[in-house]
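Please open the model in your viewer and keep the side chains switched on, as this tour goes from one aromatic ring to the next.

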Amino acid sequence: MRIFLISILLLSLNCSSAQKQHKRIFKRTEFINGSLYRELYDTIKTGSERMDIYFLKKHFYSPYYLPDQFIDKQNRNKTISIWRYPEDKKDFKQNWEHVNTYDSLGRVIRYTYSSCIICSTLPYDYSVTYNSNDQVILIQETVNPVTSFKFYYNSKGDIIKYEKYLGDKLALEIRLVS
């Protein structure tokens, strides 16, 4: 009897402290040269996790290259350069640089990566556009404007639709179904 009571007590404590899980269903539609290639449905269990850009990166690996954070009020009107090896020579043969440019509100408006001769990742340079709620609505390559990403939000601030474009053609759409 004692073991039974302890088991019930532990189970009730575990249930009351457990985070409420939600099942979110996403429709992933892929296109090749603007034509429908395939549609997939993904179910993701979420707790209190926000469905923001980093949620997309974590679960769908897109968009892949992002700054650590988009808003940093301490860096208003600044350009921050971070070298991979700050104590080494600042050249692109064996060292690389990330640069974030911030506006007057502390929002990243441009982020770049230099790459290097031995790096496996190509350089990139993205500009960022925000809506009136400081939510990212567009990320676009600036040097070679091939890739762009568009984000659509609900009233709670969660992303409900994401689009990736290659040139002017839609390549990927991820939409929250439920």
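**A tour of the aromatic rings**

In this predicted model, begin by selecting Phe-149, which has a relative accessible area of 6% and is therefore buried. Add Tyr-162, whose relative accessible area is 0%, so that this residue too counts as buried.

Keep both residues selected and look at how their rings lie: Phe-149 and Tyr-162 form a stacked aromatic pair, with 6.2 Å from centre to centre and 10° between the planes. Colouring the strands helps here, because Phe-149 belongs to strand β8 (residues 147-153) and Tyr-162 to strand β9 (residues 159-166), so the pair ties together parts that are 13 residues apart in sequence.

Now widen the view, since the structure holds 13 aromatic pairs. Select Phe-70 and Tyr-111 next: their ring centres are 6.4 Å apart and their planes stand at 85°, so this pair is edge-to-face. Phe-70 sits in the loop between α2 (53-60) and β3 (79-83), while Tyr-111 is in strand β5 (residues 108-113), and the pair thus links distant parts of the chain, 41 residues apart. Both Phe-70 and Tyr-111 are buried.

To see how these stops belong together, select one aromatic cluster whose members include Phe-70, Tyr-111, Phe-149 and Tyr-162, along with Tyr-64 and Phe-151.

Finish with two charged side chains. At Tyr-64, the charged end of Lys-57 sits over the ring, 5.3 Å from the ring centre. At Tyr-152, the charged end of Lys-161 sits over the ring, 4.7 Å from the ring centre.

Conventions:
Residues numbered from 1 in each chain as written. Predicted model: local features only at pLDDT ≥ 70, side-chain atom pairs only at ≥ 80, totals over all residues. Heavy atoms only, no water. Phe/Tyr/Trp six-rings, centres within 6.5 Å; stacked < 30°, edge-to-face > 60°. Helix = DSSP H or I, 4+ residues; strand = E, 2+ residues; numbered from the N terminus. Buried < 20%, exposed > 50% of the residue type's maximum accessible area, 1.4 Å probe, protein only. Lys NZ or Arg CZ within 6 Å of the ring centre and 35° of its normal.
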